[in-house]
Amino acid sequence: MTHQHPESVDHAWRDLVGTARRSAADGLVVGTSGNVSARVGELVLVTPSGVPYDRLGPEDAVGVDLAGRQVLGALKPTSELPLHLAVYRSTGAAAVVHTHAVHATAVSTLVTEVPLVHYAAAILGGPVRTAAYARYGTPELAEAMLEALRDRTGCLLANHGTVTYGDTLDQAYERTAQLEWLCRLWLTASSVPGRTPALLDEGQLAEVTQALKGYGQPG
Ligand SMILES: [Zn+2]
């Protein structure tokens, strides 16, 4: 904590709790099933294990260093901590959102890559992959996740949920919301009896990625 400006930590914690509550209010998380983290310098703030988001106050901040050692707060960090830390160690992420959003989790049981039914996949860096199943909280899950995240800002975790990251909590959250929407869209289109959804090809998606770069306000 010696390197941290306390105000920036307080501010980041407020943002983090706001994002966590939003994920519950928007139906992406039920009860205490998801978790959110944000990086402030060498400190990673994370939601604590098993505490409903509406009960989290300013005094409940939980922080760990990049090795996972708790350096702030008394509550126990989320059991999905290895997954969050793996993202920070491997990317420039400033925020990570993990949920068990229902449509995305349903799709994670069906495919190894989310079919390209919509160009919104470009927001996540391309076709979204599903990480191989491993038990929650394990290094094996973190490893499978990193593999699925290669050149992407989000992935599915097989029979488990979603992970997205971003430069800000809002961006990471928005990516989760888009991923859930994309999965819901595919499930809706692919559930029409006797019909198969038309898919975009990688070239069409690359065109969108290019267009978004020039757009200034992607998403
Ligand atoms: Zn989980």
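User: Looking at residues 14–187, how far apart are the end C-alpha atoms?

Analyst: Keep in mind that this is a predicted model. Residues 14–187 are 34% helix and 19% strand. The C-alpha atoms at the two ends of that span are separated by 35 Å.

User: Which UniProt annotation covers residues 14–187?

Analyst: That one comes from the record, and the entry is unreviewed. For residues 14–187, UniProt gives "domain: Class II aldolase/adducin N-terminal".

User: In what order do the elements of the protein run from the N terminus on?

Analyst: There are six helices and eight strands to place. Reading from the N terminus, the order is α-β-β-β-β-α-β-α-β-α-β-β-α-α.

User: And what is the radius of gyration of the protein?

Analyst: For 219 residues the globule rule gives 17 Å, and the protein comes out close to that, so it's as compact as a globular protein of that length. The C-alpha trace spans about 60 × 35 × 30 Å along its principal axes. The radius of gyration itself is 17 Å.

User: Now helices α2 and α4: are they parallel or oblique to each other?

Analyst: Helix α2 covers residues 81–90 and helix α4 residues 139–149, and their axes come within 9 Å. Those axes cross at roughly 40°, and the crossing is right-handed. With 35 degrees as the upper limit for roughly parallel, α2 and α4 are therefore oblique.

User: How many nonpolar residues does the contact of α2 with α4 have?

Analyst: On the α2 side you've got P82, L83, A86 and S90, which meet P139, L141, A142, M145 and L146 of α4. Sorted by class, there are no charged residues and one polar residue, and the nonpolar count is eight.

Terms used
Residues numbered from 1 in each chain as written. Predicted model: local features only at pLDDT ≥ 70, side-chain atom pairs only at ≥ 80, totals over all residues. Axes fitted to C-alpha atoms, helices over the stretch in contact; angles between N-to-C directions. Helix = DSSP H or I, 4+ residues; strand = E, 2+ residues; numbered from the N terminus. Parallel < 35°, antiparallel > 145°, perpendicular 65-115°, else oblique. Left-handed = near helix turned anticlockwise from the far one by under 90°. Contact = placed C-beta atoms within 7 Å. Nonpolar A, V, L, I, M, F, W, Y, C, P; charged D, E, K, R; others polar. UniProt positions renumbered as here; feature names shortened; annotations may be inferred. Rg over C-alpha atoms; globule rule 2.2 N^0.38 Å.
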